[in-house]
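User: I have a model to go through. Please take my questions in order and keep the answers short.

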Amino acid sequence: LFHAVEMAPRDPILGLTEQYVADTNPKKVNLGVGVYYDDNGKLPLLECVQKAEEKMMAAHAARGYLPIDGIAAYDAAVKSLVFGADSEPVKSGRVATVQALGGTGGLRVGADFLRKLNPSAKVLISDPSWENHRALFTQAGFTVETYPYYDAAKKGINFDGMLTALNTAPAGTVIVLHACCHNPTGYDLTAAQWDQVVAAVKARKLVAFLDMAYQGFGQGIAEDGLAVQKFVASGEDFFVSTSFSKSLSLYGERVGALSVLCADKDEAARVLSQLKIVIRTNYSNPPTHGGQIAATILNTPELRALWERELAGMRTRIKEMRTALVEKLKAKGVQRDFSFITQQVGMFSYSGLTKDQMVRLRNEFGVYGIESGRICVAALNTKNIDYVTESIAKVVA
Ligand code: LMR
């Protein structure tokens with residue numbers, strides 16, 4: 001049965017972690033996967049999470065099946081976080097939200113639903129995009145193409161190219177947009193650019209699918225939700241997948257969501273019924289623990305306030321690491337100007353290093369980044385940054 005099965009290539013991101021784990025170099029640093037580590041290089045267990053778990057443990061709750069669409073209090077909290085508690089879409093009940101297995105799960109539930117709805121639509125992702133976007137929408141049955149995004153020469157966004165692609169895309173084309181903290185480049189659209197993107201999506205009758213996996217890691221929770229607000233204001237229907245993997249440091253709990261903004265409450269009920277079929281036929285219903293943690297935090301005012309402080313702490317530390325990275329490269333005699341790294345936002349930096357340089361960093365120094373040149377700034381700390389910058393200095397020399 002399996003004699004002709006070919007060996008699949010390693011995952012470009014998670015496969016690198018496998019290689020990192022196997023590496024015996026004591027100085028190794030994993031700047032591959034998008035994970036936030038604290039200044040001691042440890043994965044944080046947030047205090048708000050610990051407090052929520054203590055509350056949950058004290059309640060000694062049994063573990064029955066959840067509803068197909070997840071914990072009701074979780075879904076409601078996600079809606080409030082993403083759209084605003086007092087927002088018109090939430091108040092009018094026209095958002096369909098389901099608990100999903102991380103942001104990836106939210107994307108996939110949305111992709112499967114979209115594929116049934118409009119099987120001939122194409123999907124456009126940014127060039128470049130998160131490696132898994134192309135694979136995920138392709139697996140869902142779509143033809144995936146790209147719209148221009150990164151301008152290597154300018155160290156920024158090829159916005160004219162992006163807009164031209166949107167303005168020439170056929171009606172119904174699904175446009176996958178990074179709501180904030182663009183992965184992998186770290187370059188986000190300005191408010192004025194979002195206005196133009198939203199206008200193009202509306203004029204061309206495109207379908208916006210926002211991926212918001214890093215809310216709170218750019219400027220702040222509300223600020224990072226700007227794209228969502230602009231799409232709401234446009235009056236268009238759209239999809240948004242969200243995740244607490246990073247913002248609650250709950251990576252392994254797979255706690256995310258898909259929200260679909262519909263025209264009215266009745267439409268939202270029908271869309272929800274279809275999303276439930278996708279979920280039921282894939283994994284039946286989501287797990288309890290992570291969703292319960294997130295719901296407890298978001299629905300308990302003091303835990304919510306604590307979370308916002310802890311998230312701000314992570315965001316600030318990443319910014320400090322960006323500045324330190326630029327300064328230390330300069331101090332180590334690197335001629336090339338890396339100051340663009342401080343213009344980027346979120347966990348990632350498109351460093352501009354070539355594939356050969358990334359391979360050398362990995363093989364000679366045990367410094368792991370994605371071959372595209374993406375490095376996770378959130379994994380730098382005051383203890384490893386000298387080694388990382390020395391290593392970069394050697395490969396760019
Ligand atoms: C990343 O881009 O590194 C993260 O989103 C983790 C993942 O699942 O790829």
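User: In which helix is the place of Val198?
Analyst: This is a predicted model, where local features need pLDDT of at least 70, side-chain atom pairs count only at pLDDT 80 or more, and totals for chains, interfaces and linings use all residues. Residues are numbered from 1 along each chain as its sequence is written. Helices are DSSP runs of H or I with at least four residues, strands are E runs with at least two, and both are numbered from the N terminus. Val198 belongs to residues 191-203, helix 8.

User: Is Val198 buried or exposed?
Analyst: Buried takes 20 or more other C-beta atoms within 10 Å of a residue's own, exposed 12 or fewer, partly exposed in between, with C-beta atoms placed from the backbone. Val198 has 21 such atoms within 10 Å, so Val198 is buried.

User: Which residues does Val198 touch, not counting residues up to four places away in sequence?
Analyst: Contact means C-beta atoms, placed from the backbone, within 7 Å. Pro26 is 172 residues from Val198 along the chain, and their C-alpha atoms are separated by 48 Å. With residues up to four places away left out, Val198 touches Lys230, Phe231 and Ser234.

User: Why is strand 9 largely enclosed by the rest of the structure?
Analyst: Phe238, Val240 and Thr242 point one way from strand 9, and Phe239, Ser241 and Ser243 the other. In a regular strand, side chains alternate between the two faces of the sheet. Strand 9 (residues 238-243) is largely enclosed because six of its six residues are buried.

User: Which strand runs antiparallel to strand 9?
Analyst: Strands pair if DSSP finds at least two bridges between them. Strand 8 (residues 207-212) pairs with strand 9 in the parallel sense over five bridges, and there Ala208 partners Phe238. On the antiparallel side, Val240 stands opposite Ser259. Six bridges make that pairing, with residues 255-261, strand 10.

User: Where does the largest nonpolar core lie relative to domain 1 and domain 2?
Analyst: A nonpolar core is a set of buried Ala, Val, Leu, Ile, Met, Phe, Trp, Tyr and Cys residues joined through C-beta atoms within 7 Å. The largest has 116 residues; Ala208 and Ala294 are among those touching the most other members. Helix 13 (residues 301-331) gives the most, nine residues. Domain bounds come from an automatic or database assignment; domain 1 (14-45 + 304-396) and domain 2 (66-299) both contribute residues, so the core lies between them.

User: Which residues does Ala294 touch, not counting residues up to four places away in sequence?
Analyst: Ala294 is one of the core residues touching the most other members. Beyond four places in sequence, Ala294 touches Tyr74, Ala77, Phe244, Leu248 and Val255.

Notes
Two residues are in contact if their C-beta atoms, placed from the backbone, lie within 7 Å.
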